[in-house]
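Please look over the model shown here. The report after it takes up confidence, enclosed space, an annotated span and one tryptophan.

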Amino acid sequence: MESQELTQKELDNKKKKEEKAREKELKKLKAAQKAEAAKLQAQKTANDPKPGKKKSSRREVEEENPEDYKDPETALGEKKKLSSQMAKTYSPSAVESTWYEWWEKAKFFEADAKSSKKPFVIVLPPPNVTGALHIGHALTAAIQDTIIRWRRMSGYNTLWVPGMDHAGIATQVVVEKKIMREMKMTRHDVGREAFVNEVWKWKNEYGGTILKQLRRLGASLDWSRECFTMDEKRSIAVTEAFVKLHKEGLIYRDLRLVNWDCTLRTAISDIEVEYTEIKERKPFTVPGYQKPVEFGVLTSFAYPLEGGLGEIIVATTRVETMLGDTAIAIHPNDTRYSHVHGKYAVHPFNGRKLPIVCDAVLVDMNFGTGAVKITPAHDPNDFEVGKRHNLEFINIFTDDGKINSNGGPDFVGMPRFEARVALIEALKEKGLYRGDENNEMRLGTCSRSNDVVEPLIKPQWYVNCKSMAQQGLDAVMDGTNPKMEIIPKQYVAEWKRWLENIRDWCISRQLWWGHRVPAWYAILDDDELKELGAYNDHWVVARNEEEAYEEATRIYAGKAFQLFHDPDVLDTWFSSGLFPLSVLGWPDDTDDLKAFYPTSVLETGHDILFFWVARMVMLGMKLGGDVPFGKVYLHPMIRDAHGRKMSKSLGNVVDPLEVINGVTLTDLHKRLEKGNLDPSELKTAKEGQVKDFPNGIPECGADALRFALVSYTAQSDKINLDIQRVIGYRQWCNKLWNAIRFAMSKLGDDYTPPARIVPAAMPFSCKWILSVLNKAIAKTVVSLDSYEFSDAATAVYSWWQFQLCDVFIEVIKPYFTENAPAYVSARQFAQDTLWLCLDIGLRLLHPFMPFVTEELWQRLPSKKDLTRKESIMLCEYPSPMEDWTNEDVELEMDIVDSLVKSLRVLRSELPPNERHERRAAFIRCRRNDACETIKQHELEIATLASLSSLDVSLESDSTPGGCTFQSVNEFKVFLKSRGSINVEAEREKIKKKMEDIQTQCDGLKKKTSAPGYQEKVPANIRQSNEAKLAALLQELLSLKEASEHLEQENAAYHES
């Protein structure tokens, strides 16, 4: 079978070679036809003296076929067919089309569990099934794909697992809105089973948009392992985890306070609560209320004391909760209330006796009246007071936020905030109202429904996290053998703070969409109370109903009972906490689990360090026997260019696809109009867009966006994203494009790269570019290895931009335009070095910019003796070459560079009409050996500084006249000026520079001569200061020489 496949492959290769040969012949034929046509045209117009005719003839000779510059159509999933001629400018949409589908179909992203290569594994943080790509996702994808592509090219068996989170609350809200819009029904009208079916229908039709969008970014995920947190395998893992933890006593059921959403009628996690800081009274729109509700108000009222002892005044921001008050707390040392110790207040609406309790933990006797109303069932602090003093816990709210029967007949059925108003009026009628005042507070709302969160006491399932948290803490904090590293290290303190103060985790939710809690409640025939959950010891935890029945039969042997499945579902974070295990097949002992667990690194935002990362570590160590990943890299949060949080109401939300594809200002406005902003917010948002994107956003492409995001990661915990920077990298892609176009024109159709390179035999510029390339490779690899992505991106960018494009490509141009024997002999070296630089440079850049590097690399000629890899992503990532680094050559090029910069400065100071002319320059050297060195590099200096000629000699030789002048270290640099020099202006300029430098010298001298400087300042800083001072003094000397030269020029001019 193998030999047949090999034969077929050989046939395919032969066919491809024949097609290439035919294409080559066709190109030659076309070129010959064009040349012949040009020749005939030239003959035809030889006798025609009209200039217009000659011009027309030249145009016809140079006429090009536009079709040669267009990529032929490629079938989806096939390797991209490239145009015969490179387009003259870079187009992101043209370059980034077709490649991804080919990569995916060719299975370049797929990992092999049986491979002998060392594994490197990342699990993509599963985006919500409801989500669309936002800029945070783009940052995650850019960083993770950079890591994965680099490791893949470095010889690892890379696995990057994609998945989606079922997003319990978010998805349920979306589908609830859909059925209300389409059917005018609530989920309760539809019923649980039918509603869950509707959610699955929605998921299959609309869910997972974000995974398609990740492909547009070039994310090389292993789609063969794509999973969903509620698919069959992941559901089995969730059930197994719950059962195992329950058996060990780590999952239990208890009655406690939770964050309750009255609109969604469920408990929600802390991360789903958003807080608004309120300085003073302010109206807010609350779901379900026609009128805005006022917050930021502290209302005072009096409780009558039993036995005619007067009254006691309390204050609250939630008057309605007084219906559930069961005590009043005072400080035991507060002498104002010493007479009421052990007494009671009387509730004005239900007659309930409220004990006066002394509590030094809660009460600050210097705040307010020093008396605090206690509602144990509706406030976290009061809950603790209730437990300390054995108070009654009275819940006064229904699940949808109305007053229940415990609130009394006058208020029952009222929505909670309407009851607030009614209670104030009732207190006024009873003469107990004592006024209100502005109050600074934090208002918690649900991020999904925007409803105000209500603390409610509810029976829920909890995970005891204490022992698991200690394991997670030790995994990071163990000084001798830490199992896990957090990067950046600044977040280790936060990890320690969270895990040392961890509370038990509420994992049940009162939703219909999610993993059903694998617990059944047994109602016995002889139970006095028949409500679900009335007896906490009647719960049976099992993998399925059959197993639950067997367990219940064993527990309640000989008794009649009925089983009822717990209607609650599990917190989404519970299933996502198992993700590194479940995606690899746990609880089964799969090949993937054996090969790829623990994974290598988790990359995510620092905002979910506790909510997700810590929980994965706790569950991974407990159920998987090891940390789920060896490293955690936490990326910054993205803000706008002004440092503001991205918000729809500010109009500063950046959609990555709009940056990739481009968008007009009109379309940006339309996106805002489709949202739910009120008119004033819409106006503000549009004004923000006009200010930030006056002309919309031009098409930047995925490569430019990725590179910008990765290069931004040095900005600590926040990224201030400026779209102009992305646009700058898009323009840089054009520079890369032009570098390859130049190379292709200089290499020619028949160029074959050399089998090996020997830098020692090469011209100076070739030795230099290979030496600095070697350093760029080393810096990039070290930076990637230490998760310094910004440094890695800078190293690659700087080499391409400032060394290859700005220097090397410019400096070798004479080799291709001049026919002097020395140039001709250097031409082959220049070609070989250029090809090598482009091949290595594109491979070095590929993890950051996959699309443009693939397209450009595919155009490069390949070595004859090697089988070319199908894709650049399968090539080896560059590594430093021992014999390429040449410090002497780099030092010489540094001197050349300083002289070129000096000449460019002198040119910039010429009158505008003279700046673009090639002109003569002179360099005078203090030492003979320096003079010889510079003479060897006249070509490089003259080319880079655009000189007509360059004269290099010793300082003792005659000083050229009619020149502007600058001193650079041990060299004097002169540039010929066409006109006379404005002596007064030059004199003033030199004087100002000398004054500035003298000020710096004086400051540095003062610092270094301060008492204790030698003893207190580290040696490296002292050395640095000494070097700075020496450089400044040298610059002063140079300026003095420039001043003397100016006076000589002026004297010579007047003498003549």
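What follows is a short report on this predicted model.

**Confidence**

The protein chain has a mean pLDDT of 89. Of its residues, 93% reach 70 or more. Two stretches fall below 50: residues 1–9 and residues 32–61. Residues 1–9 make 0 contacts in the model beyond near neighbours in sequence. For residues 32–61, the count of such contacts is 10. Where pLDDT is low, the predicted coordinates should not be read in detail.

**Cavities**

How many cavities of 30 Å³ or more does the model hold? The count comes to 2. Rolling a probe the size of a water molecule over the atoms shows where empty space is left. The table sets out the volume and lining classes of each cavity.

| Cavity | Volume | Nonpolar lining | Polar lining | Charged lining |
|---|---|---|---|---|
| Largest cavity | about 50 Å³ | 3 residues | 2 residues | 3 residues |
| Second largest cavity | about 30 Å³ | 5 residues | 2 residues | 3 residues |

Which residues line the largest cavity? G168 and I169 take part, along with E272, R509 and L511. L570, D571 and T572 complete that lining. Its charged members are E272, R509 and D571. Its nonpolar members are I169, L511 and L570.

The second largest cavity is lined by G651, V653, V654, D655 and E658, together with L668, R671, Q689, F693 and I697. Here the charged residues are D655, E658 and R671. The polar ones are G651 and Q689.

**The annotated span**

UniProt lists residues 982–1044 as "domain: Valyl-tRNA synthetase tRNA-binding arm", in an unreviewed entry. In the model, this span is 89% helix and 0% strand. The C-alpha atoms at the ends of residues 982–1044 lie 15 Å apart.

**W102**

W102 sits in helix α4, which covers residues 99–105. Is W102 buried or exposed? Its relative accessibility is 6%. The cut-off for buried is under 20%, so W102 counts as buried.

What does W102 touch, leaving aside neighbours within four places in sequence? Its contacts include G77, E78, K79 and F108. Also in contact with W102 are E854, Q858, E870 and S871. One further distance concerns L856. W102 and L856 are 754 residues apart along the chain. Their C-alpha atoms are separated by 16 Å.

Key. Residues numbered from 1 in each chain as written. Predicted model: local features only at pLDDT ≥ 70, side-chain atom pairs only at ≥ 80, totals over all residues. Heavy atoms only, no water. pLDDT = per-residue confidence, 0-100. Contact = heavy atoms within 4.5 Å. 1 Å grid on protein atoms, 1.4 Å probe; cavity = no way out; pocket = protein on both sides within 12 Å on 5 of 7 lines; lining within 4 Å. Points joined across faces, edges and corners; volume = space filled by probe spheres on them. UniProt positions renumbered as here; feature names shortened; annotations may be inferred. Helix = DSSP H or I, 4+ residues; strand = E, 2+ residues; numbered from the N terminus. Buried < 20%, exposed > 50% of the residue type's maximum accessible area, 1.4 Å probe, protein only.
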